[in-house]
Amino acid sequence: MTLLRRDGKLGLGTAVVAAIRHAVEHGYDLLVNMDADWSHDPRSIPALIEAANRFDVVLGSRYTRGGRIEGWPLFRRLMSRTVNAYARLMLGLRTKDNSGSFRCYRVDVLRKIDLRRIRSRGYSFFEEILFRLKNVGAVSTEIPITFTDRRFGRSKIDKKEAVLAIWMIFRIGVSSIFDRRT
Ligand SMILES: Nc1nc2c(ncn2[C@@H]2O[C@H](COP(=O)(O)OP(=O)(O)OP(=O)(O)O)[C@@H](O)[C@H]2O)c(=O)[nH]1
Ligand SMILES: [Mg+2]
């Protein structure tokens with residue numbers, strides 16, 4: 001087992017990019033991403049991996065048929081739905097749960113992305129990478145997961161981070177209109 005240790009908290013997006021670089025450099029087949037606060041149930045991992053035989057990107061989805069959220073108040077649900085609708089519109093994504101982070105990627109398709117172009121250091125990374133994967137022709141699917149709200153610990157997202165994510169998605173969407181290579 002390998003633990004990538006970094007110099008302090010540099011942002012969730014940059015942490016995932018570091019993991020992707022590691023997987024590419026070491027010739028991994030698959031990369032599974034999940035939260036470490038038990039919101040994502042490890043029992044869903046085999047289903048994600050199984051679907052990765054047929055798809056480049058498999059999203060564990062709260063918003064596909066059979067997907068669920070446990071423990072979120074109405075406001076939080078609405079926020080998440082709104083961000084997802086916004087990201088679909090701005091980035092032209094067809095999948096429904098683009099902000100979730102329980103996923104399996106085929107590493108061969110991650111290889112096609114120029115990681116230096118990724119602008120998100122924070123949570124908008126999850127939408128941005130789907131946008132970049134779509135642009136290199138990756139085929140995605142969603143499989144249902146149950147997301148359970150954290151019972152312990154503190155959230156790493158604050159208001160500033162949330163506003164920054166909305167702004168980043170806007171910037172990426174708008175610049176793609178002017179530059180097809182974005
Ligand atoms: N390596 C690393 N991990 C991070 C960083 N920020 C967040 N994480 C992890 O990413 C996962 C998601 O972060 P959370 O704060 O749980 O975000 P969330 O699930 O959207 O929000 P909550 O509903 O409050 O849990 C957790 O496992 C965090 O520990 C970071 O800067 N670096
Ligand atoms: Mg969490």
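Buried residues, meaning those with 20 or more other C-beta atoms within 10 Å of their own (exposed ones have 12 or fewer, partly exposed ones lie in between, and C-beta atoms are placed from the backbone), make up 28% of the 182 residues in the protein. The model is a predicted one, in which local features need pLDDT of at least 70 and side-chain atom pairs count only at pLDDT 80 or more, whereas totals for chains, interfaces and linings use all residues. Residues are numbered from 1 along each chain as its sequence is written, while chains are lettered from A and ligands numbered from 1 in the order in which they are written.

The protein has six helices and six strands, taken as DSSP runs (H or I of at least four residues for helices, E of at least two for strands) and numbered from the N terminus. For 182 residues, a compact globule would have a radius of gyration near 16 Å, and the 16 Å of the protein agrees with this; the radius is taken over C-alpha atoms, and the rule is 2.2 Å times the number of residues to the power 0.38. Among contacts with a separation of 6 or more, 78% join residues 24 or more positions apart, a contact being a pair of C-beta atoms, placed from the backbone, within 7 Å.

Two helices, α3 and α5, can be set side by side.

| Helix | Residues buried | Glycine after the helix, with phi |
|---|---|---|
| α3 | N84, A87 and L91 | G92, positive, near 65° |
| α5 | F125, F126, E127, E128, I129, L130, F131, R132 and L133 | G137, positive, about 85° |

Helix α5, which spans residues 125–135, is mostly covered, with nine of its 11 residues buried, and these buried residues pack against α1, β2, α3, α4 and α6.

In α3, the buried residues are N84, A87 and L91. Seen down the helix axis, they fall within an arc of 65°, so they line one face of α3, where the arc is that of the directions from the axis to the C-beta atoms. The face turned away from this buried side carries the exposed residues L74, F75, L78, T82, A85 and L89, while what covers the buried residues includes α5 and α6.

Around ligand 1 there are 13 residues, the closest being L12, A15, A36, S155 and K156; a residue counts as near if its C-beta atom, placed from the backbone, lies within 6 Å. By class, this shell has five nonpolar, three polar and five charged residues.

Definitions and conventions:
Ala, Val, Leu, Ile, Met, Phe, Trp, Tyr, Cys and Pro count as nonpolar, Asp, Glu, Lys and Arg as charged, and the others, Gly among them, as polar. Two residues are in contact if their C-beta atoms, placed from the backbone, lie within 7 Å.
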